[in-house]
Amino acid sequence: MTDSLMSFPPPEEVLSRTDALVAGPTHGVIISPDGEVEEHEHGALRRKIRATGYLICNRPVVGRRLGMVGQKALDVLELFAFVRPAQFCLPLPRGLARALNINLVDHSLEEEGLILIEAARRLIGEITAPGYPYPEGLLAQARQMAEAGWSWGPLVLGALHHAEPQNPWQVWDHLPEWEEDAPPPPPDNLPVQREEALDRLSQLIGNDAEQRDSQKDYTALAARTFDPPEVAEEPVVVLAEAGTGIGKTLGYIAPASLWAEKNDGTVWISTYTKNLQRQLDQELDRLYPDPAVKARKAVIRKGRENYLCLLNLQELSQSAIQHEGRILIGLVQRWARYSRDGDMIGGDFPSWLGEHFGQSRLSQLTDRRGECIYAACAHYKKCFIEKSRRRSRKASLVIANHALVMIQAATRTAVNKDGRIEAIRDPDLPTRYIFDEGHHLFDAADSAFSAHLSGQEGLDLRRWIRGAENSKRRGRGLEGRLDELIAGDDEARSLLQEVIHTARCLPADGWHGRLIEGTPFGPAEKFLAVVRQQLYARSAGREDYHSIECPPLPPVEGLKEAAAELQLALKALVAPMKSLSTRLLKKLDQEADELESAERNRLESLSQSISRRRETVEFGWIPMLEILAELSAPDEEFVDWFELERQGGREVNVGYYRHWVDPSLPFAGTVLKTAQGTMITSATLRDRLTDTDNQDVEWHTAEVRTGAAHLISPPLRQSLNSPFDYPAQSRIFIVNDMNKRSLDQLAAAYRELFLAADGGALGLFTAISRLRGVYQRLAGPLEEAGLPLYAQHIDPINVATLVDIFREVEHSCLLGTDAVRDGMDVPGPSLRLCVFDKVPWPRPTLLHKARRKRFGGQSYDDLITRLRLKQAYGRLIRRQTDRGVFVMLDGATPSRLLSAFPDGVEVERIGLADAIRKTREFLSDQTP
């Protein structure tokens with residue numbers, strides 16, 4: 001027993017006299033360990049917490065509601081993250097109760113206070129219990145965090161007073177290493193027969209489960225994805241629209257897992273949202289009930305920016321960061337030791353830590369700016385990203401996302417016998433894909449295949465090449481990565497110095513301030529300054545809150561010359577980058593008998609990184625600037641524009657943007673044609689029209705937006721209707737007697753509809769400002785009615801966690817925008833009412849204007865809007881026993897949009913009072 005540990009009082013004694021504080025939207029309660037309750041308005045609570053320590057849950061939420069949080073506050077969530085690293089917990093008292101098996105009774109503020117008291121006692125007790133499963137580094141991390149001022153530190157150290165002293169402990173010293181394996185052979189091409197796919201489906205759903213004909217038909221269709229193709233670059237493509245309730249997840253997992261087993265291959269299952277990635281991972285427990293087998297057979301893959309970088313963690317922990325940063329480092333190290341895969345965004349990382357300690361701090365711990373030094377890193381053999389990549393090569397199923405698939409599908413480069421660079425296929429790419437949430441492929445491709453010549457993009461490239469100039473942050477630059485590898489190679493070193501020198505043309509730190517002050521430095525900043533000038537000259541509202549945009553042509557005076565100057569500077573940068581990349585690849589060939597494996601990996605990785613960035617400049621930025629420098633006609637396949645981006649009314653970026661008018665074209669060329677079989681599935685692939693029964697017309701939408709229209713061979717396609725009885729299970733009301741522009745009327749409509757449903761209500765908005773205005777008017781009345789209210793853009797909680805909370809708290813209400821709509825799966829009574837503020841027409845941007853012209857004018861607007869309505873309505877009914885009401889607070893909703901809803905569901909245009917009454921009556925009726 002050490003003197004320093006003996007100096008801390010027993011935690012039981014401290015907790016016995018520590019009250020709990022729970023803050024609601026307008027008032028809160030303080031409850032003592034003995035059960036005495038005080039209720040106060042927010043003003044009185046603020047005065048009380050200034051000098052006294054209380055148990056709280058979710059510091060940012062309490063701080064937003066009260067306007068402050070006392071320094072002595074003890075957030076039980078932080079204690080949970082320390083005691084139970086890498087375990088899921090909703091960031092609210094009932095989440096703690098669920099995770100710790102504490103009984104819930106009435107869900108009142110008083111009960112939440114009692115939960116905090118009991119949760120703190122249990123967690124403190126766990127760390128001293130025999131067989132505690134997370135002992136590594138416990139005492140050492142607690143000591144370091146206590147020294148940084150962690151409020152729980154004295155209590156944890158007091159509980160560990162009998163523990164043996166521990167030396168300083170760092171997680172990177174205690175993680176297992178991966179081992180290099182031989183590359184796997186290519187998979188065979190044995191098909192999956194219908195009957196064997198159905199047998200696998202039966203195994204997954206269980207012999208006692210209900211056998212649904214629609215799910216069997218879907219599984220049989222999915223099995224066709226694995227038929228061997230007949231013609232090169234003409235893969236088997238299956239378009240499968242499956243209504244909610246079909247059971248499509250297990251329907252495609254069955255044949256996918258079979259094909260992987262029969263052919264020793266890998267199937268990539270791609271989604272759009274991280275929420276569905278998590279759901280898919282949970283479903284795979286049916287296929288692989290043994291966690292050890294599942295770890296080998298199934299891998300979740302995301303972009304590098306999602307994973308913890310151990311080198312960033314080490315360097316940040318050794319820097320002069322303030323006490324909050326050191327507390328965060330301690331919690332991250334606790335988590336990293338027990339994390340499944342090091343995924344900080346949507347994995348087993350406590351998502352609420354970003355709001356607790358600041359997203360900027362978390363971003364410093366991931367590889368967000370391409371700073372990875374690969375095999376030169378001391379932690380390379382323990383790297384979470386490298387482990388994930390290697391596991392995915394041998395896995396049967398890889399759960400990825402659309403963006404990563406499109407990035408992975410980009411070609412690599414190699415030097416041929418003539419010394420020229422040519423494209424080769426990435427050996428890590430699979431031959432079979434399943435794209436769930438296929439209706440989002442168009443948007444994902446739009447993002448992946450675009451080019452942005454902006455201040456931030458330019459600064460990122462400059463930092464990658466030149467390192468962190470005039471900054472304390474890590475950024476070794478290209479020289480730091482290459483220095484050892486090109487020792488003695490004068491040609492490579494000369495090319496490297498030329499790249500570093502010519503990169504000075506790019507924006508430097510502080511570029512945005514210089515633009516505002518009118519003192520740009522260098523070709524890129526001068527160009528961006530003229531772009532910003534043109535934006536303000538051609539757009540209304542200099543002091544506007546929102547982002548602004550304008551066409552590049554005709555240019556203001558000086559833009560043509562600035563574009564030409566930057567174009568020349570970028571060409572001067574591209575030439576040595578290309579030569580340097582080629583030189584590194586030649587070095588691999590010329591020194592094949594001398595290079596160690598680690599050196600080979602570094603050379604190949606750096607050559608590829610240089611090539612990718614060079615291609616962005618050479619084939620993206622320079623052709624864009626050529627349009628301005630020569631005032632030539634732009635390519636009709638692209639749409640260009642200038643944009644000044646604002647966040648919260650504050651300028652954050654300015655640039656020149658280029659997107660494909662039809663991004664499904666590059667998607668088809670780089671993804672579909674490189675595969676042998678692809679399934680694209682969703683509940684909303686087709687656009688149902690009111691004036692046609694022609695299936696080819698309705699399927700045309702799906703083929704165009706998924707890239708299948710760009711293939712010669714037609715796709716296999718089938719639509720399977722939902723098994724739900726939508727006319728009996730749902731109602732649709734369009735309110736036609738209110739002024740949707742009045743925030744007071746809008747808020748009153750939301751309030752009364754939410755009260756009529758007794759919660760379980762989702763409010764969707766087409767503008768953040770309207771959401772904020774309605775929230776301010778709703779919070780008090782709903783709290784008085786006992787209905788918890790949560791809101792995107794207001795509550796300091798990420799969207800996925802907000803949805804988790806909404807799902808868990810049955811009578812709660814949630815306000816959000818399209819991100820909430822797209823990522824939501826809430827079966828049961830937790831979602832029984834969906835209210836839209838107005839018709840979700842697409843934003844009238846320059847990009848949308850070009851696509852509207854290409855894809856049919858008003859009919860394109862209608863298409864996008866119908867798909868959004870279809871998605872929103874589809875959130876309501878997820879089970880046979882669900883009942884739901886969909887309300888549109890826009891009397892001007894055109895009838896031609898109503899084909900978005902299922903056949904047989906009557907759409908009633910009624911007044912608000914009738915909508916409220918009918919909502920109450922329908923949802924209170926318990927008739928099945």
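**Exercise 1. The pair H32 and H33**

Task: In this predicted model, work out how helix H32 (residues 743-757) and helix H33 (residues 768-784) are placed relative to each other, beginning with the angle at which their axes cross.

Solution: Begin with the axes, which come within 9 Å and cross at roughly 50 degrees. An angle under 35 degrees would count as roughly parallel, and one from 65 to 115 as roughly perpendicular; H32 and H33 are therefore oblique to each other. For the handedness, H32 passes H33 in a right-handed crossing. Next, look for the residues that meet: H32 contributes Leu743, Asp744, Leu746, Ala747, Tyr750, Arg751, Phe754 and Leu755, while H33 contributes Arg770, Gly773, Val774, Arg777, Leu778, Pro781 and Leu782. Sorted by character, the residues of this contact comprise 10 nonpolar, one polar and four charged.

**Exercise 2. The pair H24 and H27**

Task: Determine which orientation helix H24 (residues 490-502) and helix H27 (residues 559-590) have, and name the residues through which H24 and H27 meet.

Solution: The axes of H24 and H27 are 9 Å apart, and the packing angle is about 150 degrees. Since angles over 145 count as roughly antiparallel, H24 and H27 are therefore roughly antiparallel to each other. The crossing in which H24 passes H27 is left-handed. On the side of H24 the meeting residues are Glu491, Ala492, Leu495, Leu496, Glu498, Val499 and Thr502, and on the side of H27 they are Ala572, Leu573, Pro576, Met577, Ser579, Leu580 and Arg583. Nine of the residues in this contact are nonpolar, two are polar and three are charged.

**Exercise 3. Helix H37 and its partner H36**

Task: Check the length of helix H37 (residues 858-874) against its expected span, decide how far H37 is enclosed, and describe how helix H36 (residues 846-855) crosses H37.

Solution: At 1.5 Å a residue, the 17 residues of H37 should span 24 Å, and this agrees with the end C-alpha atoms, which are 24 Å apart. Then consider burial: 14 of the 17 residues of H37 are buried, so H37 is largely enclosed by the rest of the structure. The axes of H36 and H37 come within 7 Å and cross at roughly 110 degrees, and the two helices are therefore roughly perpendicular to each other. Their contact is made by His848, Arg851, Arg852 and Phe855 of H36 together with Gln858, Ser859, Tyr860, Asp861 and Ile864 of H37. These residues divide into three nonpolar, three polar and three charged.

One further residue can be placed in this region. Proline 844 lies in the loop between strand E23 (833-836) and H36, and with a relative accessibility of 78% proline 844 counts as exposed. Although proline 844 and aspartate 861 are 17 residues apart in sequence, their C-alpha atoms are 9.7 Å apart in space.

**Exercise 4. The surroundings of phenylalanine 642**

Task: Establish whether phenylalanine 642 is buried or exposed, and which residues outside its sequence neighbourhood are in contact with phenylalanine 642.

Solution: Phenylalanine 642 is found in strand E15 (residues 638-647). Its relative accessible area is 0%, and phenylalanine 642 is therefore buried, the cut-off being under 20%. Setting aside neighbours within four places in sequence, the contacts of phenylalanine 642 include Val531, Leu535, Ile548, Cys550, Leu559, Leu628 and Tyr656. Arginine 532 is 110 residues away along the chain, yet its C-alpha atom is separated from that of phenylalanine 642 by 8.2 Å.

**Exercise 5. Backbone angles**

Task: Compare the phi of asparagine 58 with that of asparagine 101, and find which bond joins leucine 553 and proline 554.

Solution: As background, most residues other than glycine have a negative phi, and most peptide bonds are trans. Asparagine 58, however, has a positive phi near 75 degrees, and asparagine 101 has a positive phi of about 60 degrees. Asparagine 58 lies in the loop between strand E4 (55-56) and helix H4 (59-66), and its relative accessible area of 2% means that asparagine 58 is buried. Asparagine 101 is in the loop between helix H6 (93-100) and helix H7 (109-126), and its relative accessible area of 63% means that asparagine 101 is exposed. Finally, leucine 553 and proline 554 are joined by a cis peptide bond, with omega about 0 degrees, and proline 554 has its place in the loop between strand E14 (548-550) and H27.

Notes
Residues numbered from 1 in each chain as written. Predicted model: local features only at pLDDT ≥ 70, side-chain atom pairs only at ≥ 80, totals over all residues. Heavy atoms only, no water. Helix = DSSP H or I, 4+ residues; strand = E, 2+ residues; numbered from the N terminus. Expected span 1.5 Å × (residues − 1). Buried < 20%, exposed > 50% of the residue type's maximum accessible area, 1.4 Å probe, protein only. Axes fitted to C-alpha atoms, helices over the stretch in contact; angles between N-to-C directions. Left-handed = near helix turned anticlockwise from the far one by under 90°. Contact = heavy atoms within 4.5 Å. Nonpolar A, V, L, I, M, F, W, Y, C, P; charged D, E, K, R; others polar.
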